[in-house]
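This report describes how the parts of one protein chain are arranged. It is meant to be read beside the sequence and the three-dimensional view shown here.

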Amino acid sequence: MTETLHNVDHAEVSKFEALASRWWDPESEFKPLHEINPLRLGYVQSRVTLNGREVLDVGCGGGILSEAMALAGAKVTGIDMGEEPLKVAELHTLETGVEVDYRQMPVEQLAAERPASFDVVTCMEMLEHVPDPSSVINACAQLVRPGGFVFFSTLNRNPKSYLFAIIGAEYVLNLLPRGTHDFARFIRPSELDQWVRATPLRTTDITGLSYNPVTRHYRLSKDIDVNYLVCCQMPRRTEA
């Protein structure tokens, strides 16, 4: 396990642990997560049926997406390196009765223990918070079964994304706490695609997630300049 811990930024983990108690408050710092969750879930469900599937949510935090996928009929495992968010996630399942198996562990460790164990792997808003995103992508590829799907979402790195995601979201509109994101860690689609192509995964779609500051609504779009989601599929063995 020691080798996998190099890919954990403890300052990033601490940042989210400090806010953990407010994770399920839709008017808290996590309001954007609550607002985009139906879009994230819809994106996944438009490409794969979750009912009856074994699903892994990497970087699950307090469990907003994990619970939504479980409610859609999936058998969900959620992993994160933050102890406090996982406690909040587990407490919330006691309130709602939704079954999710939460574990505190690096994705690389789980990949070594349970390769090809999941039909669907989601890794949303997590890649930009780790030192080595390519290691996470590789682990996700190891964890998904042939024919299964892996979904990523992250932030593009360009002047527009700095203006919208840092200046706009954190300083002007106060959608997120200041310091939530480090622009240097934003990931261009070409970089993410390069890391995906280093695995057996195949990218099948890339879709933007846009925010309208006037209506204060999020929507899926063709604009991938700021936030974007990526769908990948593991070829079946006969396709490889």
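## Sheet, helices and aromatic rings

Helix α6, residues 133-143, lies across three strands: β1 (54-58), β4 (118-124) and β5 (144-155). Its direction is at about 155 degrees to that of β5. A second helix, α8 (residues 189-197), also packs on the sheet, where it touches β5, β6 (202-212) and β8 (227-233). The directions of α8 and β8 make an angle of about 20 degrees. The model from which these values are computed is a predicted one.

The sheet on which these helices lie is open and has 8 strands, in the order β3-β2-β1-β4-β5-β8-β6-β7. The pairing within the sheet is mixed. Strands β3 (100-104) and β7 (217-221) form the edges, since each pairs on one side only. From one strand to the next, the twist averages 20 degrees.

In general, the strands of a sheet pair through backbone hydrogen bonds, and they may run parallel or antiparallel. Here, β2 (residues 75-80) and β3 run parallel and are joined by 5 bridges. On the β3 side, R103 is the bridge partner of I79.

Attention now turns to the aromatic rings. The structure holds 7 aromatic pairs, and two of them are set out below, one stacked and one edge-to-face.

| Pair | Distance between centres | Angle between planes | Geometry |
|---|---|---|---|
| W23 and F30 | 4.1 Å | 20 degrees | stacked |
| Y162 and F183 | 5.2 Å | 80 degrees | edge-to-face |

Why is the pair of Y162 and F183 edge-to-face? The planes of its rings stand at 80 degrees, and an angle over 60 degrees counts as edge-to-face. Y162 belongs to helix α7 (residues 159-172), whereas F183 lies in the loop between α7 and α8; the pair therefore ties together parts that are 21 residues apart in sequence.

Are the residues of these pairs buried or partly exposed? W23 is buried, because its relative accessible area is 7% and the limit for a buried residue is under 20%. F30 is likewise buried, with a relative accessible area of 4%. Y162, in contrast, is partly exposed at 37%, and F183 is partly exposed at 26%.

W23 and F30 also belong to one aromatic cluster together with F16. A further ring, that of F164, has the charged end of K160 sitting over it, 5.7 Å from the ring centre.

Key
Residues numbered from 1 in each chain as written. Predicted model: local features only at pLDDT ≥ 70, side-chain atom pairs only at ≥ 80, totals over all residues. Heavy atoms only, no water. Pairing = 2+ DSSP bridges. Helix = DSSP H or I, 4+ residues; strand = E, 2+ residues; numbered from the N terminus. Axes fitted to C-alpha atoms, helices over the stretch in contact; angles between N-to-C directions. Contact = heavy atoms within 4.5 Å. Phe/Tyr/Trp six-rings, centres within 6.5 Å; stacked < 30°, edge-to-face > 60°. Buried < 20%, exposed > 50% of the residue type's maximum accessible area, 1.4 Å probe, protein only. Lys NZ or Arg CZ within 6 Å of the ring centre and 35° of its normal.
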